[in-house]
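Here's a walk through a multi-chain structure, from a single loop residue to the contacts between chains and domains. Have the model open and follow along.

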Amino acid sequence: MASGCLAKVVCSDAKHNFLVHYLLALAVILASPLLFSIRYLDSKQAAQPLEMLVPLIGIILLTPVFMPEQNESIRDVVRSKKTSYSLICLLRLLMAMAVLLSLIGAFVLYMRHCGSAVTFRHFTGSAASAAVLGAVGLFGAAVSDDTITGYMSAVIYFITNFLLKDKLGIFYIFSMSSGSFAEKKWLVLMSVILTAGTFTVRSIRN
Amino acid sequence: MNDCIIIKNVDKFYGKKQALSDISLTIEKGMFGLLGRNGAGKTTLMKTLAALHKKNSGEITVCGVPVENASEIRAMTGYLPQEFSMYPNMRTDEALDYLGALSGMPSKLRKERVESLLKRVNLTEHRRKKVKELSGGMKRRLGIAQAIIHDPKVLIVDEPTAGLDPEERIRFRNLLCELAEDRIVLLSTHIVGDVEATCEKIAVMDSGRILWKGTVSELIENARGHVYTANVEKRFLPQLKKEYIVTGMLAQNDYTTVRIVSDPEPDLPNTVQTEPDLEGAYMYCLHSSGCDVTGGEDI
Amino acid sequence: MIFFKDCKRIARSMTYLIYCVIVALFFFTQYFSDCRTEVGPPFGETKAVEDHDLIMSGAALSLAEDYFANLYICYPFGFYKSVTLNEKKQEVIEDALTEMTGLSMEELTKLRDNAEHYTSYDGLHEYNGYIIDSVPVSSSLTYDRFLEIMKKVNKTLGGGSSYKPDDLIFKFSQVPMTKEEALEEYDNFTNKDRVTGALARLFSDYTGIDAAILPVFVAAALTSEDRRRRMSDLVYSRKISSFRLVFTRYAALITAMFLPLLITMIIAQIQAVSIYGSNISMTALFTLPSFWLVPNIMEAAAVGMLFTELFSGGTAVIVQFLSWFLSLLTGSGQLYGKIRSFTLICRHNTVFGRDIFMTYHSQFVFNRIFYIVFSLAMVTLTVFVYETKRRGAFNGIRLFGKGSLLRRKA
């Protein structure tokens with residue numbers, strides 16, 4: 001019974017609050033082949049689109065997880081219900097992650113189909129970069145209680161990567177393009193910490 | 001004792017600012033009114049009762065359940081915030097269904113309740129409208145419907161009638177009264193008329209404290225002998241407002257009849273002691289507790 | 001005065017605070033740390049020279065090799081793109097090759113057969129490559145005609161190829177600097193540029209990247225604040241004209257966002273004096289960067305205001321991010337040299353190369369003035385949008401939902 005309710009809530013949420021974001025992420029993925037070729041790329045070349053463009057969908061998908069309740073009165077109504085609000089947000093986050101992983105997965109498979117030298121590590125690497133960009137956005141939005149600031153922090157993180165390059169060390173999200181996969185596990189760790197931090201900040205504030 | 005809210009010595013701080021101080025109340029089945037000015041702490045108290053805010057000290061039990069047990073508390077309370085809103089893109093019936101699901105109701109029951117509630121709050125013909133397309137009154141009705149969808153034992157409504165037109169307001173009050181027949185309904189307002197029309201028991205709050213608690217008639221009785229009417233010339237009015245609490249004015253040809261709340265008998269011509277009304281009683285209650293309620297500057 | 005009130009409002013906003021922090025961060029990690037040591041003559045570096053013979057023979061050879069492999073490497077949006085042509089398009093390249101070399105296809109094929117042959121495997125796909133020693137350049141080929149051919153070739157390849165006329169000089173005409181040339185570059189640095197003139201270009205190059213994107217956030221946040229705080233109606237009903245209101249806000253935004261840049265310029269000047277002594281230009285680090293960077297701030301802020309009024313803050317951010325991203329990627333192959341008339345982000349990532357910068361100086365000036373005018377046009381448009389909203393005739397364009405742009409047709 002309870003699980004049926006949660007399923008209803010998640011579906012309804014996805015339909016009314018996040019469908020636009022899912023579609024936008026899909027559009028970014030579909031538009032990628034127009035910007036660059038994905039045929040017959042070697043491992044490093046294949047990493048470029050997977051690190052510089054595809055991870056942007058992380059910002060689109062993860063940053064707005066708390067957005068529907070940015071309005072305080074909506075938040076009060078939702079929080080006054082039996083089902084824990086944190087649980088709802090967690091489910092939304094998982095849902096967004098599922099969409100993110102399947103989009104990136106499909107894209108990587110398509111690249112493979114087109115003859116590029118992509119491996120499973122390309123998939124995890126791209127997903128790690130996407131997750132960390134999204135987690136930065138999520139954290140920024142939750143702390144400031146303002147989605148624009150959330151997007152801003154994620155975009156700035158992206159720009160910082162562009163400008164400072166491997167000076168960023170373990171926080172460098174374009175490492176795969178220069179052949180290094182070692183940074184990715186740190187990115188995953190950082191996403192987990194930021195996400196946990198976001199939930200902690202939110203629950204303390206409430 | 002199992003169907004009442006018991007509040008004992010509750011304190012709540014926002015940073016250094018004390019929002020609730022030493023609140024103790026027992027609220028039983030029926031309609032209970034919280035009366036107070038804006039910023040008196042009514043909303044904070046209600047949010048604390050709905051387990052949306054944590055208190056700093058003291059004890060609260062709702063129907064025997066301590067308020068710390070948030071999930072259980074939320075399962076048996078319905079809450080309507082001061083300014084109800086919902087995801088703007090959802091349709092009215094979807095929003096209700098969604099919030100019912102959040103309350104953990106099985107889908108069959110939800111369907112029935114959504115139907116009957118839409119009918120009860122007169123929204124059946126607007127059920128396909130999106131929330132953002134509803135008028136203020138319709139939104140408020142959707143708000144009350146979502147608060148009672150899971151048939152809660154306790155209903156908490158924060159200033160439910162603010163901004164409604166008189167007709168809507170009366171309908172809303174009647175609905176609340178019906179609901180109060182078999183549950184606790186806690187209502188906050190700064191509009192005395194609402195309390196007068198609906199509540200048996202009330203508490204008056206100001207700056208985080210409970211100034212007074214009891215029945216409406218007790219509050220009125222309390223003010224007996226402190227409400228006066230007088231006829232004054234218009235030019236004295238500004239002066240009068242500075243010195244006394246003026247609760248009503250009726251302009252005649254060359255003088256004005258004023259209602260005054262005052263401890264000692266005011267030193268004015270033609271002063272007559274009159275029967276206190278709830279508004280005057282409320283003002284007297286604030287005044288006698290040391291709140292500054294004089295009219296202040298003339299605008 | 002409302003100008004100062006707006007400045008205060010901006011200064012107190014979260015986005016502006018982040019703006020300042022990021023400007024400082026990029027300044028110290030990039031320009032400041034790059035310039036910590038004294039610059040010497042660039043011995044052993046290469047330089048691009050406009051040697052027509054070198055360019056033509058290099059391009060002809062490269063094109064012949066690419067043609068026989070039928071594998072052309074392009075970077076249309078800064079991303080790697082390998083292009084393989086169909087027969088019809090290969091014929092276009094054939095024509096170009098025969099005209100450039102003056103050889104027939106048979107003769108060219110003979111050259112290929114004598115060349116070293118290798119097969120290359122790029123992960124999953126195998127292709128044939130040839131290393132040809134050299135191909136002749138037709139004696140009747142003028143440089144202008146050559147450029148026309150290259151333009152056609154580049155177009156056939158879908159753009160972004162090595163044969164893009166603007167980039168030829170950097171691809172095929174890089175020669176090692178002689179000692180004299182290196183000393184001359186150094187002389188340019190110390191005497192013509194008086195040190196800070198050259199440093200100013202590097203400073204502007206680095207700062208231009210963040211100045212082209214960050215202001216959009218501050219502008220979007222300020223513009224959407226009225227709506228978010230439900231202040232619109234209050235502001236709308238005031239006496240002040242839309243024109244004055246919008247332009248005062250815009251001026252406040254530019255002033256507020258220029259201030260941190262000015263501070264970094266002062267720090268850069270102090271750093272330069274401490275390294276090179278006081279016999280350097282005291283103004284160059286202020287004049288050139290101001291002229292270079294203010295148009296970027298103006299453009300980003302104007303996009304922020306216009307698109308936030310028209311659609312939403314999010315849209316403004318997306319629009320500016322896209323133009324910034326594409327401008328950065330398309331220019332990423334070449335960090336200094338030609339500045340084109342319409343590129344958003346001008347690059348010159350070196351303290352040398354004064355000559356080449358001066359060669360394209362008039363285009364640079366045109367570029368910057370264009371962006372100033374373009375920004376002011378966008379702000380004027382914002383005034384009109386604001387005015388129509390104020391009169392209640394228009395409430396912003398909604399992309400989704402009832403009566404929105406995307407549903408109106410249905």
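Start with a cut-off: a residue is called buried if 20 or more other C-beta atoms lie within 10 Å of its own, exposed if 12 or fewer, and partly exposed in between. Keep in mind that this is a predicted model. Now find N70(C): it has 16 C-beta neighbours inside 10 Å, so it counts as partly exposed. You'll spot N70(C) in the loop between α3 (52–69) and β2 (72–74) of chain C. Leaving aside residues up to four places away in sequence, N70(C) touches T84(C), L85(C) and Q90(C). F43(C) is another story: 27 residues apart from N70(C) along the chain, with 38 Å between the two C-alpha atoms.

Next, hop over to chain B and look for strand β8, residues 184–189. How many of its six residues are buried? Six of the six, so to speak a mostly covered strand by the 20-neighbour cut-off. In a regular strand, side chains alternate between the two faces of the sheet. In β8(B), I184(B), L186(B) and S188(B) point one way, while V185(B), L187(B) and T189(B) point the other, and all are buried.

What pairs with this strand? Strand β3 (residues 30–36) of chain B runs parallel to β8(B) and is joined to it by six bridges; L35(B) has T189(B) as its bridge partner there. Strand β7 (residues 154–158) of chain B is also parallel to β8(B), with five bridges between them, and D158(B) stands opposite S188(B). To get from β7(B) to β8(B), the chain passes through helix α6 (residues 166–179) of chain B, in a right-handed β-α-β crossover.

Zoom out, and chain B is divided into domain 1 (4–220) and domain 2 (224–288). Their C-alpha centres lie 35 Å apart. Domain 1 brings 11 residues to the contact and domain 2 brings seven. On the domain 1 side, α7 (192–198), β9 (201–206), β10 (209–215) and α8 (216–223) each supply at least two residues. That side divides into nine nonpolar residues, no polar ones and two charged.

Finally, look at where chain B meets chain A: 26 residues come from chain B and 22 from chain A. On chain B's side, α2 (70–76), β6 (77–80) and α3 (92–102) each supply at least two residues, and α3(B) gives the most, with five. The chain B side splits into 15 nonpolar, eight polar and three charged residues.

Note on methods. Residues numbered from 1 in each chain as written. Chains lettered and ligands numbered in written order. Predicted model: local features only at pLDDT ≥ 70, side-chain atom pairs only at ≥ 80, totals over all residues. Contact = placed C-beta atoms within 7 Å. Helix = DSSP H or I, 4+ residues; strand = E, 2+ residues; numbered from the N terminus. Nonpolar A, V, L, I, M, F, W, Y, C, P; charged D, E, K, R; others polar. Domains from an automatic or database assignment. Pairing = 2+ DSSP bridges. Right-handed = clockwise from strand over helix to strand, strands pointing away.
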